[in-house]
Amino acid sequence: MITHEEANELLASFALDAVEAHEHAQIEAHLAECPRCRAELDAFRDVAAAMGNSVEPLPEGLWETIASRLPERLDAEPPPMPRLVAEERSDGSPTPILGRRATRGPLAVMGAVAVAAAAVAAVLGIGLVQADHQVSQDQALARGGAAGTVVAALTTPGHQVVNLESAHHVRLAQFVIANGRGYVISSRLPALSSDHTYQLWGLIGDRPISLGLLGRSPQQATPFTVASTAAPSRLSVTIEPASGSVVPSGAVVASGTV
Amino acid sequence: MQQIGEVSDAQLVTSIARYSEVALAEVYRRHGGAVYGLARRVLNSPTEAEDVTQEVFFRLWNQPDRFDPSRGSLRSFLLAQSHGRAVDAVRSLNSRRLREVKDARRTATADYDMEHQVWDLALADQVATALGELPDEERRAIELAYYQGHTYVEVAELLGQPEGTVKGRIRNGMRRMRALLVEAGVQGVDA
């Protein structure tokens with residue numbers, strides 16, 4: 001993990017977007033925990049902005065291009081969130097949905113995932129319990145140094161970074177996977193009510209495998225396990241009852257290719 | 001009733017979060033030229049600079065909460081976004097080829113008021129003066145990094161100097177720049 005002095009030494013270069021890629025992640029992790037460096041970075045960024053403040057006439061038609069590609073949602077209520085599997089849960093209550101600000105448009109459905117889900121429920125049930133037990137242990141370990149855990153994963157050779165996005169390609173979370181272990185790098189998923197949780201699924205073939213519960217408000221370094229399964233081709237996050245589900249029952253709020 | 005031109009940047013961003021395209025258009029009017037100008041300077045390609053400008057405004061539309069007014073002005077935030085994307089593009093192989101291509105297709109139609117033009121010109125003058133007061137080696141390192149999109153490691157290679165030396169020169173130069181700009185009365189880049 002990068003020290004305060006090392007990060008501080010690189011802040012000016014960071015403000016100029018002139019650090020190496022591997023250093024970028026380390027500095028960001030440090031900034032998340034160091035208000036002093038954040039303040040110094042803001043000052044450097046103001047200098048950079050002053051240096052880059054060379055206003056030019058805008059090309060004709062550029063605004064029209066931008067405006068024509070904005071998602072249509074100005075005055076319309078957001079459409080209801082698609083159901084992943086069932087129209088109603090077993091107790092008859094509606095499937096929980098995210099608030100308006102967080103969804104910003106229709107959300108994706110996992111598609112083929114739902115078809116196979118019921119058939120593999122029994123197998124997944126066992127996997128889910130084991131995975132969640134591991135998650136509890138790791139969450140306890142991770143409390144000591146979230147940024148350090150993430151940086152360690154990010155500096156592991158062969159690690160993979162997975163961006164999870166909404167249906168409209170808005171990035172909602174970023175995960176890192178290294179040596180069969182995964183961690184939340186960052187999350188913009190809005191906090192849920194206490195009776196719900198985000199649940200992470202790995203898509204293996206057509207099958208969603210539970211990789212663990214992320215909690216109602218996923219924090220940096222929240223861990224999950226992928227080692228006990230084949231490598232998933234895709235990660236998806238759904239909203240589930242607080243105890244989790246053996247098969248996805250809520251809508252997919254974010255997903256990304258591994 | 002308050003005119004859109006009188007609304008603060010922070011209020012505009014709040015409106016963008018409520019899906020106001022009018023607010024986004026006003027932010028584009030105020031800051032689009034700066035976003036585009038910086039991207040064009042780094043990329044040396046009007047076409048690519050247009051792509052970067054689009055990206056920056058799509059991102060503001062989709063993630064307005066990424067702008068934190070307590071950490072700086074909207075202009076500063078948007079310029080950082082523009083620079084980051086321009087540098088990403090310039091570091092890609094395709095872009096390096098495209099940089100050589102001259103693209104003259106450009107028509108000026110900015111709706112940009114005189115007061116802000118004067119302000120921008122004054123700032124550009126102060127920045128040029130401040131850069132001119134830096135020791136040559138600090139100015140060279142900063143210019144190679146910021147305007148040409150090189151990492152400090154690449155700058156060290158280009159200048160034939162140790163990485164640690166270049167890192168230190170960028171830091172000292174930026175601190176000196178800040179002091180000079182503050183002394184000149186520039187406290188931010190909020191237009």
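This briefing describes the nonpolar cores, chain A and one helix of chain B. The structure is a predicted model, in which local features need pLDDT of at least 70, side-chain atom pairs count only at pLDDT 80 or more, and totals for chains, interfaces and linings use all residues. Residues are numbered from 1 along each chain as its sequence is written, chains are lettered from A in the order in which they are written, and side-chain values use heavy atoms, without hydrogens and water.

**Nonpolar cores**
- The largest nonpolar core (buried Ala, Val, Leu, Ile, Met, Phe, Trp, Tyr and Cys residues joined through side-chain atoms within 4.5 Å) has 81 residues, of which A:Leu16, A:Met51, B:Ile170, B:Met174 and B:Met177 touch the most other members.
- Helix α2 (residues 21-43) of chain B supplies the largest share of this core, eleven residues.
- Leaving aside residues up to four places away in sequence, A:Met51 is in contact (heavy atoms within 4.5 Å) with B:Arg41, B:Val127, B:Ile142, B:Tyr146, B:Tyr147, B:Met174 and B:Met177.
- Another core, of 20 residues, lies apart from the largest one and includes A:Leu164, A:Leu200, A:Val226 and A:Val237.

**Chain A**
- Chain A contains eight helices and eight strands, taken as DSSP runs (H or I, at least four residues; E, at least two) numbered from the N terminus.
- Of its 258 residues, 51% are buried, meaning under 20% relative accessible area with a 1.4 Å probe, protein chains only.

**Helix α9 of chain B**
- Helix α9 (residues 163-183) of chain B has 21 residues and spans 30 Å from first to last C-alpha, close to the 30 Å expected at 1.5 Å a residue, a figure obtained as 1.5 Å times one less than the number of residues.
- Its buried residues include B:Ile170, B:Met174 and B:Met177, and also B:Lys167 and B:Arg171.
- B:Gly185, just after this helix, has a positive phi of about 90 degrees.

Technical notes:
Buried < 20%, exposed > 50% of the residue type's maximum accessible area, 1.4 Å probe, protein only.
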